[in-house]
Amino acid sequence: MSYINTIGWKQNNLGNLRGEGINWRGKTGFENGFSVFATKAHGVRAIFADLNAKIKKGVNTISKIMEMYAPRSENNTEKYIQFVAQKTGIARGAVLNFSMLDKIVRAIILYEIGYNIGLDELLQAKNMYLSSVSNVSRETLDPKKKNNFDLIIFAIVICVIIAYYFKLK
């Protein structure tokens with residue numbers, strides 16, 4: 001339980017996010033070079049927000065994300081990349097989407113402060129994040145999930161045409 005004495009634990013910032021000037025929900029300040037959050041859930045929520053923002057900007061692989069998240073000027077970035085890839089089972093160059101972030105967030109927290117976050121805690125923070133983004137934004141979180149609205153409208157139109165055709169006969 002050595003994580004209890006870490007700055008990240010004490011400041012409810014399990015990912016050791018710097019974020020000076022970023023107004024993440026639940027952020028209460030900035031101390032010791034790192035953001036301070038009202039609760040641990042707010043801190044983990046900020047990790048989801050940060051990583052999803054990176055993915056939307058095309059920083060969408062473990063390697064690219066870790067280069068920004070843990071710059072070489074402050075970290076052994078290569079070791080960090082290897083750790084996250086190994087813990088998640090996701091190749092360092094694989095293109096990421098939002099559905100993969102649970103594993104990545106867990107690995108980051110384990111690497112940063114040595115805490116193995118529970119699934120309930122993780123899902124609470126993820127749901128906090130999802131509840132704060134609009135439905136339009138949520139549709140773009142996972143590019144594999146397609147919007148079926150156009151297909152439904154097409155099917156309805158076909159049904160109306162068929163019904164009209166048989167009504168004429």
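1. In this predicted model, the structure holds five salt bridges, and three of the pairs are taken up in the points below, since side chains of opposite charge can pair when their charged atoms come close.

2. Arg18 forms a salt bridge with Glu74, with 3.3 Å between the closest N and O atoms. This pair links distant parts of the chain, given that Arg18 sits in the loop between α1 and β1 (27-31) while Glu74 sits in the loop between α3 and α4 (77-88), 56 residues apart. Neither partner is classed as buried: Arg18 counts as partly exposed because its relative accessibility is 38%, and Glu74 counts as partly exposed because its value is 48%.

3. A salt bridge also joins Arg92 to Glu78, where the closest N and O atoms are 2.7 Å apart. Here, too, distant parts of the chain are linked, with Arg92 in the loop between α4 and α5 (101-113) and Glu78 in helix α4, 14 residues apart. Arg92, at 33% relative accessibility, counts as partly exposed, and Glu78 is likewise partly exposed, with a relative accessible area of 26%.

4. The side chains of Asp102 and Lys126 meet in a salt bridge at 3.0 Å, N to O. Because Asp102 lies in helix α5 and Lys126 in helix α6 (residues 119-132), the pair ties together parts that are 24 residues apart in sequence. For a reader checking accessibility, are Asp102 and Lys126 buried or exposed? Both Asp102 and Lys126 are buried, that is, each has under 20% relative accessible area.

5. The largest pocket holds about 310 Å³ of space. It is lined by 18 residues, of which Asn16, Leu17, Arg18, Met68 and Tyr69 are the closest to its centre. The elements that give two or more residues to this lining are α2 (40-56) and α3 (62-69). By residue class, the lining of the largest pocket divides into eight nonpolar, four polar and six charged residues. Arg18 therefore deserves mention under two headings, being one of the residues closest to the centre of the pocket and also the salt-bridge partner of Glu74.6. Ile7 has its place in helix α1 (residues 7-10), and it counts as partly exposed because its relative accessibility is 37%. Leaving aside its neighbours within four places in sequence, Ile7 is in contact with Asn32 and Phe34. Ile7 and Phe34 are 27 residues apart in sequence, and their C-alpha atoms lie 8.3 Å apart in space.

Terms used: Residues are numbered from 1 along each chain as its sequence is written. This is a predicted model: local features need pLDDT of at least 70, side-chain atom pairs count only at pLDDT 80 or more; totals for chains, interfaces and linings use all residues. Side-chain values use heavy atoms; hydrogens and water are left out. Helices (H or I, at least four residues) and strands (E, at least two) are DSSP runs, numbered from the N terminus. Buried means under 20% relative accessible area, exposed over 50%, partly exposed in between (1.4 Å probe, protein chains only). Contact means heavy atoms within 4.5 Å. On a 1 Å grid over the protein atoms alone, a cavity is a set of points where a 1.4 Å probe fits but cannot get out, and a pocket is an open set with protein on both sides within 12 Å along at least five of seven lines; lining residues have an atom within 4 Å of a point. Grid points are joined across faces, edges and corners, and a volume is the space filled by probe spheres set on the points. Ala, Val, Leu, Ile, Met, Phe, Trp, Tyr, Cys and Pro count as nonpolar, Asp, Glu, Lys and Arg as charged, and the others, Gly among them, as polar. A salt bridge is a side-chain nitrogen of Lys or Arg within 4 Å of a carboxyl oxygen of Asp or Glu.
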